[in-house]
Amino acid sequence: MPAIAAYAPGKIILTGEHAVVYGQPAIAAPVEEVRARAGIEANPTEPDGKINIIAPDIGLDTSLDALPLEHPIATVFREVRQELGLDHLPAMTLNITSTIPIAAGLGSGAAISVAVSRALSSFLGSPLSDEVVSRIAFETDRFYHGTPSGIDNSVISYGRMIYFMRGGPLEILTNAETLTLVIADSGEKSLTGKVVHGLRTRIELDPQRYDPILEKIGVVSFSARQAIEKGDPAGLGNLLNDNHSLLQQLGVSSANLDLLVRIAREAGALGAKLSGAGCGGNMIALVEPDNAQAVAAALLSAGAVNAIFTTIPQS
Ligand code: PMV
């Protein structure tokens, strides 16, 4: 069997994080500038079923048997094997590397699951469809999140900008104008499961306060879709700003994220907001292409630990 490599991009959420967990729409786009890679090679001299896993970025150097059953990588192996109707696997070594920062709202967990599902199914001679890969990544996301909405696995598996509603059909968005974004890392690690759980507790205690905020975020995503489809970056920028203040009201921002969002706007961004679970992780700024460097420089001097550029191409 030839050696195989498969890749998956990172992702950003443009609008609608958290509200999407409660049935509101959200918009997400892949970030091709960072990615996870899964490489597999056969070990013909080893006994069948002996699977080595080497993943330095997540501190793994082990064999599949040694992983807990619910571990995301063990889950991917089990799901792919079931999907392909195989009762045993040949000996192999899986190497995972990733340039997607961990616990930063860029979808590193889902990207690893997608890359491993693709590499493993191709290695076994039956590459799985985006739909099945997405379903498998959703299963593994439960390990990190508990109650994922499904947006991360969907945007990363399909590799396109999507308009997503829990339980609804997946919609690939058309984009009238190429969008340029700066993504800056606050440097604070944030565990999505913890932030989602904290918000759930607040909502359950005071639904009258939080439900209207979630609904307003849904309206922001609906309007953002229109701005994207008709090519109105300035309008989209304002909606990102509105989304950030609604996320502040949900209690999922942080002093650092608020500072970076303000600095990006002062440096001329069309709009800025936290992206992903919040309470740390990354923020995004929508910029004019010729202003991208200046916004990134301002963010770095205000304390961002990293800044990358991405574009969402016209489609
Ligand atoms: O994985 P993150 O940090 O980008 O967060 C995912 C977005 C949430 O809406 C907060 C959770 C979810 O499952 O949709």
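# Close-up views of a predicted model

**View 1. The ligand and the residues around it.** Start with the ligand: one of its oxygen atoms is 2.5 Å from an N or O atom in the side chain of K11. Bear in mind, as you go through these views, that the model is predicted. T192 also reaches in with its side chain, where an N or O atom is 2.8 Å from an oxygen atom of the ligand. With G105 it's the backbone that counts: an N or O atom there lies 3.4 Å from a ligand oxygen. Taken alone, the ligand would expose 370 Å², and the protein buries 97% of that. In total, 16 residues surround the ligand, and the closest are K11, H18, S149, D152 and T192.

**View 2. Helix α4 and what covers it.** Here we look at α4, the helix made of residues 151-158. How many of the residues of α4 are buried? The count is 7 of 8, so "mostly covered" is a fair label, with buried meaning under 20% relative accessible area. The buried ones are I151, D152, N153, S154, V155, I156 and S157. One of them, D152, also turns up among the residues closest to the ligand. The cover over these buried residues includes two helices, α2 (108-123) and α3 (130-145), along with the strands β1 (4-15), β2 (26-42) and β6 (162-164). Just past the end of α4, look for G159, which takes a positive phi of about 65 degrees.

**View 3. L170, a loop residue that touches α4.** L170 sits in the loop between β6 and β7, the latter being residues 171-172. Is L170 buried or partly exposed? It counts as partly exposed because its relative accessibility is 29%. Leaving aside neighbours within four places in sequence, L170 is in contact with S154, Y158, I162 and F164. Take S154 from that set: L170 and S154 are 16 residues apart in sequence, yet their C-alpha atoms are 7.9 Å apart in space.

**View 4. S253, tucked between two helices in sequence.** Follow the chain from α7 (233-250) to α8 (255-266) and you'll meet S253 in the loop between them. S253 counts as buried because its relative accessibility is 14%. Its side chain makes a polar contact of 2.6 Å with the side chain of D258. Not counting residues up to four places away in sequence, S253 touches H244, L247, Q248, D258, L274 and C279.

**View 5. The hairpin of β9 and β10.** β9 and β10 form a hairpin, with 6 residues between them. In that turn, G276 has a positive phi of about 100 degrees. The two strands run antiparallel and pair over 5 bridges, with β10 spanning residues 282-287. To see the pairing residue by residue, find G271, which stands opposite L286 in β10, and then K273, whose bridge partner in β10 is I284. β9 itself is mostly covered, as 5 of its 5 residues are buried.

**View 6. The four-stranded sheet.** Step back from the hairpin and you'll find an open sheet of 4 strands, with antiparallel pairing. In what order do the strands come? The order is β9-β10-β8-β11. The edges are taken by β9 (271-275) and β11 (306-312), each of which pairs on one side only. On average, neighbouring strands of this sheet are turned by 25 degrees against each other, direction ignored. As a general reminder, strands of a sheet pair through backbone hydrogen bonds, either parallel or antiparallel.

Technical notes:
Residues are numbered from 1 along each chain as its sequence is written. This is a predicted model: local features need pLDDT of at least 70, side-chain atom pairs count only at pLDDT 80 or more; totals for chains, interfaces and linings use all residues. Side-chain values use heavy atoms; hydrogens and water are left out. Two strands pair if DSSP finds at least two bridges between them. Axes are lines fitted to C-alpha atoms, for helices over the stretch in contact, and angles run from 0 to 180 degrees between N-to-C directions. Buried means under 20% relative accessible area, exposed over 50%, partly exposed in between (1.4 Å probe, protein chains only). Contact means heavy atoms within 4.5 Å. A polar contact is a pair of N or O atoms within 3.5 Å; within protein, one must be able to donate a hydrogen and the other to accept it, and residues adjacent in sequence count only if both atoms are side-chain atoms. A residue is near a molecule or strand if one of its heavy atoms lies within 4 Å of it. Accessible areas come from the Shrake-Rupley method with a 1.4 Å probe; for residues, only the protein chains shown count as cover.
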